[in-house]
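Biologist: Could you take me through one part of this model up close? I'd like to hear about the aromatic rings and what they sit next to.

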Amino acid sequence: MSELTYLGAAEIAVAIAAGDVSAEEVTRAHLDRIEQVDGMVRAFLHVDTDGALDAARRVDADRAAGRDLGPLAGVPLAMKDVVVTQGLPTTAGSKILEGWIPPYDATITRKIKDAGIVMLGKTNMDEFAMGSSTENSAFHPTHNPWDLDRIPGGSSGGSSAAVSAFEAALGIGTDTGGSIRQPAAVTGIVGHKPTYGGVSRYGLIAFSSSLDQAGPFGRTVLDAALLHEVIGGHDPLDSTSIPQPVPPVAAAARDGARADLTGVRVAVVRELGGEGYQPGVLAAFQEAVSTLRALGATVLEVSCPHFDYALAAYYLIAPSECSSNLARFDGVRYGLRVGDDGVRSLEDVMSLTREAGFGPEVKRRIMIGTYALSSGYYDAYYGQAQKVRTLISRDFAAAFEQADVLVSPSSPFVAFGIGERIDDPMAMYVNDLCTLPASLAGTPAISVPCGLSEGLPVGLQVMAPALADDRCYRVAAALEADHGHPLTEEAPAL
């Protein structure tokens with residue numbers, strides 16, 4: 001493996017700015033790495049070799065001309081295929097969008113290009129972001145670089161695997177119920193879900209509009225923070241975008257790296273641990289909490305009783321919103337069209353297109369959501385779930401009166417085997433137990449590596465109040481500074 005692919009994003013950017021290496025050399029090294037290992041990892045759906053090299057050459061030309069470079073100019077990035085990208089295939093992991101070439105860029109795509117970040121290609125994902133393992137992709141499963149027989153998490157497993165396998169220094173994921181934090185945890189990297197509305201949703205192919213949020217992956221906390229500052233901020237094209245500046249997340253990450261948490265109140269959430277969690281995960285988490293205490297934090301325990309209902313509430317709210325959002329995929333406007341022989345009715349064409357284009361998990365969630373929204377059931381199911389969502393937000397508010405941040409495991413389990421849970425939806429859904437509350441409340445949360453169990457990565461989740469994303473980064477960086485990072489050498493399977 002080239003030393004250039006081993007470097008973190010911040011290190012690469014400094015080397016390019018100093019003229020120690022060209023952006024084109026860095027990009028070629030990562031493209032070579034993709035060619036070397038992606039046949040095993042299968043993180044990418046589309047590698048944009050020519051586009052990546054062109055972007056890198058522009059960075060080199062800007063440097064040669066003496067122009068100011070952004071803090072991540074020339075750094076290679078893997079983009080989740082749910083983010084609309086002009087001129088490149090964008091499928092959301094679904095056959096129903098296979099071959100679709102968008103005519104415009106998502107806001108975060110435009111910001112990444114404007115920052116001089118080199119987009120290597122589009123990464124695999126669970127279809128329409130529905131899943132926790134990237135096995136629900138319509139194209140192929142992605143493999144965990146730590147153990148190629150295990151899942152890389154989901155739905156952003158392609159991006160997390162690419163960063164973990166040193167195929168890209170940075171990645172973009174989206175998080176609806178945990179789809180940044182859970183894959184980050186099981187692949188041994190850092191992943192942050194920003195405050196809802198803190199990063200533009202314009203140009204994200206929608207799953208659940210009140211929950212979907214794009215965010216960064218990196219191998220270090222600082223790398224993720226630097227990318228967060230690039231993609232964050234108000235966007236007039238997104239009505240849910242918060243008209244506030246990006247919190248000082250990079251400064252917080254640098255501050256946290258001093259490994260001093262004196263005066264920080266850290267609360268362990270009683271409901272996010274215990275029975276049903278793997279013993280090795282709990283042991284690594286408890287050791288990490290002891291480290292936070294040793295770094296000067298005041299550690300206490302809080303109870304958030306309504307967190308126990310987050311799983312049930314989420315799997316009513318998210319499917320209900322997806323049943324509405326995915327109605328646009330009808331074989332008429334764009335994407336796949338089946339059965340249009342000039343004889344069949346429009347309704348038949350729609351039905352045949354959706355039958356052929358949507359996978360089993362997408363169909364399952366559409367059916368659940370349509371039922372929950374149907375006449376006579378709306379108040380009993382969707383309405384009640386929204387009330388639970390309010391109670392969860394109140395639990396957070398009460399907890400943050402006692403503590404600056406809350407902590408828990410990022411996932412109850414380490415990465416499980418490919419195929420092990422694909423036929424058991426309930427077993428799959430419980431992977432999101434730890435991450436769902438912050439998604440429902442719209443609060444920021446980060447997963448940072450905190451140790452190993454059975455030789456596989458374990459993540460610690462740090463949750464903070466809305467718009468206090470910098471607290472997540474500070475605490476995560478402090479833990480990272482003390483613990484080191486599990487990816488100090490090439491992932492064992494590669």
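Modeller: Sure, and keep in mind that this is a predicted model. Rings of Phe, Tyr and Trp (its six-membered ring) count as a pair if their centres lie within 6.5 Å. Searching the whole structure that way turns up 15 aromatic pairs. Let's zoom in on one of them, Phe128 with Phe329: the centres are 4.9 Å apart and the planes make 55°. Planes over 60 degrees apart would count as edge-to-face and those under 30 as stacked, so this pair goes down as tilted.

What does the pair link? It links distant parts of the chain. Phe128 is in the loop between β3 and α6 (157-164), while Phe329 comes from the loop between α11 (310-325) and α12 (346-357). That puts the two 201 residues apart. Both Phe128 and Phe329 are buried, and they have company: together with Trp100, Tyr334 and Phe358 they make up one aromatic cluster.

Elsewhere, a charge meets rings too. Arg421 lies over the face of Phe413, 4.5 Å from the ring centre, and its charged end also sits over the ring of Phe416, 4.5 Å from that centre.

As for the sheet that β3 belongs to, it is open and has 11 strands with mixed pairing, in the order β1-β3-β2-β4-β6-β5-β10-β11-β9-β7-β8. Its edge strands, β1 (44-47) and β8 (298-302), each pair on one side only. From one strand to the next, the twist averages 30°. Helix α4 (residues 49-64) packs on this sheet, touching β1 and β3 (118-123), and its direction makes about 160° with that of β3.

Conventions
Residues numbered from 1 in each chain as written. Predicted model: local features only at pLDDT ≥ 70, side-chain atom pairs only at ≥ 80, totals over all residues. Heavy atoms only, no water. Pairing = 2+ DSSP bridges. Helix = DSSP H or I, 4+ residues; strand = E, 2+ residues; numbered from the N terminus. Axes fitted to C-alpha atoms, helices over the stretch in contact; angles between N-to-C directions. Contact = heavy atoms within 4.5 Å. Buried < 20%, exposed > 50% of the residue type's maximum accessible area, 1.4 Å probe, protein only. Lys NZ or Arg CZ within 6 Å of the ring centre and 35° of its normal.
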